[in-house]
Structure formats: C-alpha cells, structure tokens
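Reader: Hi, I have a structure open and I'm new to this. Can we walk through it together?
Author: Sure. Let's start with the ligand.
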Amino acid sequence: MDIQDYNGKAWDQLVARKDKWTVAVDADAIARARQGDLHIQLTSVKTAPREWFPDDLHGLKILCLASGGGQQGPLLAAVGADVTVLDYSEAQLAQDRLVAERENLDIATVRGDMRDLSCFADESFDLVVNPCSNVFVQDVLPVWREASRVLKPGGILLAGFLNPLIFLFDLADYENGKLTVRHKIPYADINDLPEAELKALLLDDNKPVCFGHTLYDQLQGQCEAGLAITGFYEDSMGEEDPLTGIIDVLITTRAVKLPG
Ligand SMILES: C[S@@+](CC[C@H](N)C(=O)[O-])C[C@H]1O[C@@H](n2cnc3c(N)ncnc32)[C@H](O)[C@@H]1O
C-alpha cells in the first residue's frame, strides 16, 4: 500500500465529511486579518502568539506546509503575504482556492509531500507555517530538513505536532473516554495494530494512517536540521478529548534557521 496516496485520499474524504480540520475560514476572519488582526492556529484551540511572526508580513514569502483546508494560507494572504500552500490532498487544496476566489486573494497551491520540497529552491521562503500534520508521515526528519533547506537564513518555522503520549492508549477505549495503555512510542498504525483492526481503520472508517513520533525526533530533529527553537506552547485537543484537563497533547514550536 502507498501510505501517502492512501492518506491523501483519506483527507479528500474528510473534506467531504466536513471534518473540523477541513473547514475554511469565513469572510469575517478574512476581513479581520485584512485589518491586521491575525489569528493563526497551528493546533486545535489556541492561536500562535502574534509576536512569533515578523511585524510586517506584507510581501513576505510564506510556505504553508501540509496546510490545505483554507485556513492559514488565506489569512496570511489577507495580511499581504505572498503565500504558497502545499498539501497532499487535492480536496484540501481546493478549499484554499475556494477562499482565494471568494475573497479575491492570490494564493499558489501545490500538491506535494511535505517530506520532499524539491519543487522549491533553497532559501526561498521567509516563513514556513506547518500546522499539525506530521502525524500523517512515517518519518518526520525529512520534514524538518526540507523546511530548513527552503527557509532563508533567519527565516522562521512555526510547527504544530502531537505529543506522542496520545498514541500509548487503545484507540477504541480512548474514543469512549477510557485510558488503557496499550502501545509504545514510536508508534505506527501500520506496524502496531493487529491486521483486523488495521483493516477496519482503512477499509471501514477510511481514516488516515497515523504515526506517533518520538519527542526526540520532533525537537532534536529540528535542531539537527539547523533550526534553533525559540518558542514553545502546548494546547489541548478541545473539550471532548479524554486527556483534556489531564495533560495538553498538542505542541507548537517556533524555530529560527541558523546562518551557515
Ligand atoms: C490536520 S490537517 C492540518 C491543516 C489544516 N489547514 C488545519 O489547520 O486544520 C493535516 C493536513 O496534512 C495534509 N497531509 C497529510 N499528509 C501529507 C503529506 N505527506 N504531505 C503534505 N500534506 C499532507 C492533509 O491533507 C491535511 O490537509
């Protein structure tokens, strides 16, 4: 099975089901952004601090990485940035084009894998915005290496990702609010689920295949790619998540590409 291809199609279906990660921003949010009131979500509930972004975003080259869905890209275009959105799901990219057309914004959309940004030259972006998405790729280190390569020295990477502890638990129990430790980290649906459960996930539920990366790969992986982490916050998955109130399971980092 080509995991990437499967996951791209699974995301197309999530768009059809109006999953919360696929709902585009409305006209009010764009109007507020046009007035300089910018709220970019990289996780589930909180928005990234405004001071994490350069003061003046006008004309800056921004790559919204694995960021389809009509959210981060259109808002950043509305404040005047030169935005490219890369995603593997055609339907997610169509959401960005829809908002761009509705709001008269210029956004380039590119279908591609977040681990291979060879369609972009070295040092071509001022900012890379990567909302929570590396849970859908088997190996996260190429994501950091490629994000770093396409950033200009001094450029900024803002990334949201999952604390892997969420993958310790049995999923069926978890969805019923019960925390049963079952797996170890690193975790991969394709390796760690018994065949019948994996088949149900793929064939019955059409859910994207997930990977729980170590915090070492998430944090040290950025450092080894030449990025210096300068900011960090945690977020919950929202009121209905069984771990909310116990521990925040989403992480966001701000990192700056070191020169040389
Ligand atoms: C949770 S959504 C995050 C983006 C969305 N704008 C948001 O903030 O809700 C995850 C995105 O990652 C994309 N994705 C999954 N695997 C990918 C890959 N290998 N390369 C690029 N995008 C990928 C999905 O299509 C989806 O749009």
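Reader: Which residues are closest to the ligand?
Author: This is a predicted model. In it, 22 residues surround the ligand. The closest are Trp11, Ala66, Gly69, Ser89 and Ser133.

Reader: Which element gives the largest share of that shell?
Author: Helix H1, residues 3–16. Three residues of the shell come from helix H1.

Reader: And how many of the shell residues are nonpolar, polar or charged?
Author: Nine are nonpolar, 11 are polar and two are charged.

Reader: OK, new topic. How many residues are in the largest nonpolar core?
Author: The largest nonpolar core has 59 residues. Those with the most contacts inside it are Ile62, Leu65, Leu76, Val128 and Leu157. Strand E5, residues 151–162, gives the largest share of this core, with seven residues.

Reader: What is Leu65 in contact with, leaving aside neighbours within four places in sequence?
Author: Leu86, Met114, Val128, Val129, Asn130 and Ala147.

Reader: Zooming out, how many helices and strands are there?
Author: The chain has nine of each: nine helices and nine strands.

Reader: What share of the chain counts as buried?
Author: Of its 260 residues, 40% count as buried.

Reader: How does the radius of gyration fit a compact globule?
Author: The two agree, because a compact globule of 260 residues would have a radius of gyration near 18 Å, and the chain has 18 Å. The C-alpha atoms fill a box of roughly 50 × 40 × 35 Å along the principal axes.

Reader: What about contacts between residues 24 or more positions apart?
Author: Such pairs account for 68% of the contacts in the chain with a separation of 6 or more.

How values were computed. Residues are numbered from 1 along each chain as its sequence is written. This is a predicted model: local features need pLDDT of at least 70, side-chain atom pairs count only at pLDDT 80 or more; totals for chains, interfaces and linings use all residues. A residue is near a molecule or strand if its C-beta atom, placed from the backbone, lies within 6 Å of it. Helices (H or I, at least four residues) and strands (E, at least two) are DSSP runs, numbered from the N terminus. Ala, Val, Leu, Ile, Met, Phe, Trp, Tyr, Cys and Pro count as nonpolar, Asp, Glu, Lys and Arg as charged, and the others, Gly among them, as polar. A nonpolar core is a set of buried Ala, Val, Leu, Ile, Met, Phe, Trp, Tyr and Cys residues joined through C-beta atoms within 7 Å. A residue is buried if 20 or more other C-beta atoms lie within 10 Å of its own, exposed if 12 or fewer, and partly exposed in between; C-beta atoms are placed from the backbone. Two residues are in contact if their C-beta atoms, placed from the backbone, lie within 7 Å. The radius of gyration is taken over C-alpha atoms; the globule rule is 2.2 Å times the number of residues to the power 0.38.
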